[in-house]
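Student: I've got a model open and I'd like to talk through how to read it. Could we start with one residue and work outwards?

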Amino acid sequence: MKKLLIILLSITLLVNCTDDLRDATDFTSIENPNLLEPLFLGQPNSSSVWLEGMDRQMSLFLNEILILAELGSDNYENTQTFYSQFLDNLEIRIDDPDIRDTQNDLARLREMADYGLEEVGPQDPLFNEDTEAEYNFFKGMSNLYAGMYFSRLPEEPGAVPLTAEENYASAISSFTTAIGLNNKPEYYLARARAYYYLGRKAEAVADAQMVIALDSDLLRFARFDETDTTAQPAVNIFENALYERAIFDDLQPLPTLDFLDPKYSFVSPEEDAPIYYLKAEEAYLILAEANLSDGNDLTAQQNMTDLLSLIDTREVRSIDDTIEGRTQRAPGSRPDSTHVVVNGRSDLVLYRGTTVVIEDDGSEKVVPVIIDIPSISGTSLTQTEIDGISNDDAALELLYRTRQEVFMAEGIRFADMGVKLVMDLNEILLNDNVAEGDPGTVAIIPPFINAVKNDLDGFTYDAEAGITTTTIDLNAILVANKNSDDVLPFN
C-alpha cells in the first residue's frame, strides 16, 4: 500500500507539472539522425563506435561512485556538501540522489554491454573478437562493481536482485569469456578481484600471477576531457573536488594520507586527469595477503618488495597547491607543515604554502612551494618495514595500510571496509521483486565499522607541538576483526 501511495503521488505531481517542465523532459523531441537505430545498426565499425560509448560510460560511472566511496571511507572528509550530503558519516539512504545516479550509471554500463553483445556486434560486418572481449569485460565490470558496492542489485531491469556473491559470480563468467577471446592481463586482474572479494584464494592467486606474467606494470584507466563535458570522455569530477575548485576546500584527506593528495590534478587544457581502475599493484597485494594467510612471510616480503619497486616507477606530478586554502574555514585546524608528526610517523604531511627566494639582484620574491604527488600509486611503505614482516597481525595491518595508500581516491577502501550501499528508491518503487525493508534496501555496515563511523575522519592537532593523532586506527580495527565475513577475505 505504501508503495502504491508513493507511485500515485509521483504521478499526481507529474500531471500537475507546467508545460515548460513537460517540454524539458520530452527527450523524443530532438533526434540526432546519425544515431537513429536503423541507420546505426549494421554499419561497418558500428561496434567500435559503441565500444567508445561504453568507455565513456565507465568514466561517468566512476565519476559517481568515487565521490561516494571515498567520502564513505576514512580517506576523505567532506568539508562542504557540494558533492555529497550524506556519505561522510555513512548515512546511507534509499532517497540519496547520488546513490540513485550511481546505480543508474552502473545499470547503463551493463545494458550497453548487453546491447553490444546482442545487437550491435552481431550486425556489424567488421565485428571482431577483440571488441567482443571488451563488451564482455565491461559487462563483467558492471557485475564486479555491483558486488563491491551493493549487497543486492538486479542484473536486469525489474529482475530479482542478485546478492553480492551472485554478482561476483556473473562477473567471473564474463571475464572468463573475455579471456577466451583475448588473453589481456586486465581481464585476469578484474577476475582476480572478484575471486579476492569472494575469498577464493587459489583462483585469485592464479589470476594475479598471470597478470604479472603478462604485464608486470599493467595500467587500465578511464579517460576524461577537460573542456567538453558532452564529448568522449567526460570531465573528471573527482579531480574538480580535489584540485580545480581549489580554495573551496571541498574534500580533505586524513592526515596520514596528506602526502598522496591531490591524486588527480590539472593535466592540460584539453585532457583531464585519468582514473586508473585496474593496475598491477593489486596483483602484488593479492599475492602478499594470500602468502601471509598461508604463513609464508618470506614470500610475502618478496611480494611487497616487488610492489615497492613497481611504485617507484610510477608517475609523480609536481604541483602548485598553494591556492587550495587547506585551513581557510578553520585556520590552524589542519596540519600543513612537513614538521608535523602523525601517529608518531614523520613525512606524511606536506607544506603547501609559499617561500621567499633571493633574486640575483638581492631582492626577495615570494614563490609557491611545489609539491610532488604520486598520480598513479604512492605509499609510505619502506624496505625496512618490509624486512620486518612476520606472520602476525602487525604484518596484516601494514599490508592494509599499504592497500589504503596505493588505492587512495580509487574507491577500493570502501569495499575493503565491508560497507554496502542500498538500492535506490526508484528500484524499490518500480521493481515488483523489491519492497522497502528487504535485503538490499538496508545498508550493510559491519558492527565494528558502525561503532566508529563518526570517528573515521577524526583527529587531534597540536599545531604548536606539531603533533597529529587520528582518533582511530581503522587498519588495526579491520585486522582485529579479520575473522568477520565482511572483511579480509583470505582470513
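Student: Is E282 buried or exposed?
Tutor: This is a predicted model, where local features need pLDDT of at least 70, side-chain atom pairs count only at pLDDT 80 or more, and totals for chains, interfaces and linings use all residues. Residues are numbered from 1 along each chain as its sequence is written, and side-chain values use heavy atoms, leaving out hydrogens and water. Buried means under 20% relative accessible area, exposed over 50%, and partly exposed in between (1.4 Å probe, protein chains only). E282 has a relative accessible area of 2%, so it is buried.

Student: Which residues does E282 touch, beyond four places away in sequence?
Tutor: E282 sits in helix α11, residues 281-293 (helices are DSSP runs of H or I, at least four residues, numbered from the N terminus). A contact means heavy atoms within 4.5 Å. With residues up to four places away in sequence set aside, E282 touches L189, R193 and F407.

Student: What share of the protein chain's residues count as buried?
Tutor: The chain has 491 residues to go through. Those that count as buried make up 53%.

Student: Where does pLDDT stay under 50?
Tutor: pLDDT is the predictor's confidence in each residue, from 0 to 100. The protein chain averages 90, and 89% of the residues score at least 70. Where pLDDT is low, the predicted coordinates should not be read in detail. The stretch with pLDDT under 50 is residues 1-32.

Terms used: Helix = DSSP H or I, 4+ residues; strand = E, 2+ residues; numbered from the N terminus.
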